[in-house]
Amino acid sequence: VQLQAYGGGLVQAGDSLKLSCAASGSIFSINAMGWYRQAPGKQRELVTTITSGGRINYADSVKGRFTISRDNAKNTVYLQMNSLKPGDTAVYYCNAILRLSGSFSSYNYWGQGTQVTVSS
């Protein structure tokens, strides 16, 4: 299984950026997908998650600015980030909790991370 994230970059404060992450491999089903981020010197933190049923959770720091969406047919999750702030600067990691073909258990997978830098 691979999670391939795209869309990071360098933007100015107030700009928008959209991340995408596609899961591929022998996937039977995906329970949830989401985004986490890790700033230099800080622990990885939750940004947002979305379940297969569409239940969404946001960190308080991004509510009203970030929007997560998901294309179940493409095993892809998106993160639309608006009104970006310098405090949003971090490596953003895609996450998926999924069940492999032939397995009865679900496992946690991580993408490689994509850098988002917001200048003031």
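**Covalent and ionic links, and two positive phi angles**

In this predicted model, S83 lies in the loop between β8 and β9, the latter spanning residues 90–100. The backbone of S83 adopts a positive phi of about 50 degrees, although S83 is not a glycine. With a relative accessible area of 41%, S83 is partly exposed. A comparable description applies to N75, which is placed in the loop between β7 (66–71) and β8 (76–81). Phi of N75 is near 50 degrees, again a positive value in a residue other than glycine. N75 has a relative accessible area of 23% and is partly exposed, because the buried class is reserved for values under 20%.

The covalent cross-link comes next. The structure contains 1 disulfide, which joins C21 to C94 with an S to S distance of 2.0 Å. Distant parts of the chain are linked by this pair: C21 belongs to strand β3 (residues 17–24) and C94 to strand β9, the two cysteines being 73 residues apart. The torsion about the S-S bond is -85 degrees, and the link of C21 and C94 is therefore left-handed. Is this cysteine pair buried or exposed? C21 has 0% relative accessibility and counts as buried; C94, also at 0%, counts as buried as well.

Ionic contacts form the remaining part of the picture, with 4 salt bridges found in the whole structure. One of them pairs the side chains of D60 and K63, at 3.1 Å from N to O. D60 is exposed, its relative accessible area being 65%.

Another salt bridge connects R65 with D88, whose closest N and O atoms are 2.8 Å apart. This contact links distant parts of the chain, since R65 sits in the loop between β6 (56–58) and β7, while D88 sits in the loop between β8 and β9, 23 residues apart. Both R65 and D88 are buried.

The side chains of R37 and E45 also meet in a salt bridge, with an N to O distance of 2.7 Å. Here the two partners fall into separate accessibility classes: R37, at 6% relative accessibility, counts as buried, whereas E45, with a relative accessible area of 36%, is partly exposed. Which residues are joined into one network by salt bridges that share partners? They are R37, E45, R65 and D88.

Key. Residues numbered from 1 in each chain as written. Predicted model: local features only at pLDDT ≥ 70, side-chain atom pairs only at ≥ 80, totals over all residues. Heavy atoms only, no water. Helix = DSSP H or I, 4+ residues; strand = E, 2+ residues; numbered from the N terminus. Buried < 20%, exposed > 50% of the residue type's maximum accessible area, 1.4 Å probe, protein only. Disulfide = S-S within 2.5 Å.
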